[in-house]
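Q: Got a minute to walk through this one with me? I'd like to go over the strands and how they pair.

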Amino acid sequence: MSDEQLKKISLDELKPGMYVHSIAEQRGNIQITSRGKVTSSKVIAQMRKKGIVAVVIDPSKAFTPEPEESTLAEAAVPQQDVSKPASGSANVAFEDELRRATVLHGKGKSLQKRILKSLSKGLPIDISVPKEFTKQLVGSIDRNPNALMCMTQIREKDSYLFEHSLNVAVLLANFGRHLGMQQSEILELAYAGFLHDIGKIKIPDEILHKPGRLTEEEMDVMRKHVEFGLDALREMGIPEHIIKTVGEHHERLDGLGYPLGAKEQDITTWGRMIAIVDTYDAITADRCYKPGMPSQRALQILMKDAPVKYDKTLVEQFVRCVGIYPVGTLVKLNNDRLAMVVEQRADMPLKPKVKAFYSTKNNHYIAPTDIDLAQTAGNIKIESAVKSSDYKIDFNRYFEEKISI
Ligand SMILES: [Fe+2]
């Protein structure tokens with residue numbers, strides 16, 4: 001695109017479907033240099049709030065925006081053929097799906113809260129709601145698995161109880177997809193993941209949220225969350241094979257898990273999968289008694305504990321599924337940039353596609369830039385995975401407001 005074809009317009013003329021090449025005029029002192037697709041009128045409203053009055057658009061990059069409806073409709077999925085194996089490639093651009101995934105992620109957390117609240121008050125739970133939600137979740141993963149995977153990296157303080165089950169559902173759906181499972185199986189696996197820890201609501205707060213190691217007696221109480229969950233799921237009328245999967249999430253192949261102490265031959269493949277995914281998310285999450293470990297460390301622990309506790313073949317597959325730098329990981333590049341991993345490359349796991357958004361040299365945000373590390377002829381490399389807290393940046397806020405523009 002030559003510069004002559006770029007067009008300056010006022011913000012009032014900007015419409016969803018246009019591509020912003022650069023900001024032309026802006027009030028105030030904070031200069032923003034965003035570029036990217038205008039996916040909805042919300043994006044325009046955000047730009048107006050930030051004092052942008054005129055932009056330069058690139059007409060050659062115009063696109064057809066999705067219809068703007070309610071948040072529920074935003075997350076709605078097209079009809080799925082559940083009899084077919086899941087397809088292996090993304091159908092929708094990452095940025096486009098990220099918008100829906102952000103809505104879905106918020107919905108998933110509030111649905112978890114609602115279910116747990118109803119359960120603690122002994123109120124009935126309409127199971128069609130979590131079932132429909134799981135369909136939407138799998139639909140997003142079908143369109144582009146990287147968007148919801150990214151969202152699993154967004155952790156809010158004191159939200160582990162709600163985020164963990166949602167993350168386990170997302171990771172299980174991705175894992176099932178990676179293994180080439182049928183769409184109907186992926187839906188059920190994700191459903192089991194979403195419901196697997198609901199029994200924790202019956203555990204006293206002083207044990208559930210204890211900011212330290214549990215005593216053996218407290219552990220005995222904590223272990224009861226599985227049975228509490230199974231009772232609740234039976235009352236809700238959840239199918240028995242899903243209940244079985246939930247019941248196996250703390251079983252281990254050596255028979256030292258709980259509640260049954262079931263051994264290798266008695267634990268199903270789905271039970272082995274949920275055990276791996278549950279452990280992975282628990283290790284990587286920040287908890288009141290420990291900071292989250294990097295993904296690489298969690299995968300090492302799983303590898304070390306296989307085949308004694310975990311199914312070795314499945315752990316190896318899971319490592320391939322999430323990759324060395326899972327989508328959503330924050331990485332420091334050797335060009336003084338922080339970036340987020342947005343796409344894996346199965347053939348080159350150390351060279352994913354990333355979105356650079358922060359300069360560590362000048363300590364400020366930069367316009368998000370896509371970099372395919374496999375295409376930079378070895379010049380730009382990942383130095384290490386990092387935590388946003390290391391740089392005192394509010395990654396969650398930035399992620400939600402800016403990175404999807
Ligand atoms: Fe659990």
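Q: What's the bridge partner of Val 20 in E4?
A: That's Ile 57. Keep in mind that this is a predicted model.

Q: OK, and which strands are those two in, and how do they pair?
A: Val 20 falls in strand E2, residues 19–26, and Ile 57 in strand E4, residues 52–57. The two strands run antiparallel and share five bridges.

Q: What sheet do E2 and E4 belong to, and in what order do its strands come?
A: An open one with four strands, ordered E1-E4-E2-E3, and the pairing is antiparallel. E1 (7–10) and E3 (36–37) are the edge strands; each has a single partner, so one side of each has no neighbour in the sheet.

Q: Switching topic: what about the sheet with E6 in it, what's the strand order there?
A: That one has five strands, in the order E8-E7-E6-E5-E9. It's an open sheet too, with antiparallel pairing. The edges are E8 (364–372) and E9 (382–385), and because each has a single partner strand, one side of each is left without a neighbour in the sheet.

Q: How much are neighbouring strands turned against each other there?
A: By 30° on average, ignoring direction.

Q: Let's zoom in on E6 and E7. How many bridges?
A: Six, in the antiparallel sense, between E6 at residues 337–343 and E7 at residues 353–359. As for individual pairs, Ala 339 sits opposite Ala 356 of E7, and Glu 343 has Lys 353 in E7 as its bridge partner.

Q: Where do the side chains go in a strand, generally?
A: In a regular strand they alternate between the two faces of the sheet.

Q: And on the E8 side of E7, how many bridges are there?
A: Six, and E7 and E8 pair in the antiparallel sense. One of the partners is easy to point at: Lys 355 is bridged to Asp 370 in E8.

Q: What's in the hairpin between E7 and E8?
A: Four residues lie between the strands, and in this hairpin Asn 363 has a positive phi near 55°.

Q: Zooming out, how many helices and strands does the chain have?
A: 15 helices and nine strands.

Q: What share of the residues is buried?
A: 37% of the 405 residues in the chain count as buried.

Q: Last one: of the contacts between residues at least 6 apart in sequence, what share joins residues at least 24 apart?
A: That comes to 67% in this chain.

Methods: Residues are numbered from 1 along each chain as its sequence is written. This is a predicted model: local features need pLDDT of at least 70, side-chain atom pairs count only at pLDDT 80 or more; totals for chains, interfaces and linings use all residues. Two strands pair if DSSP finds at least two bridges between them. Axes are lines fitted to C-alpha atoms, for helices over the stretch in contact, and angles run from 0 to 180 degrees between N-to-C directions. A residue is buried if 20 or more other C-beta atoms lie within 10 Å of its own, exposed if 12 or fewer, and partly exposed in between; C-beta atoms are placed from the backbone. Two residues are in contact if their C-beta atoms, placed from the backbone, lie within 7 Å.
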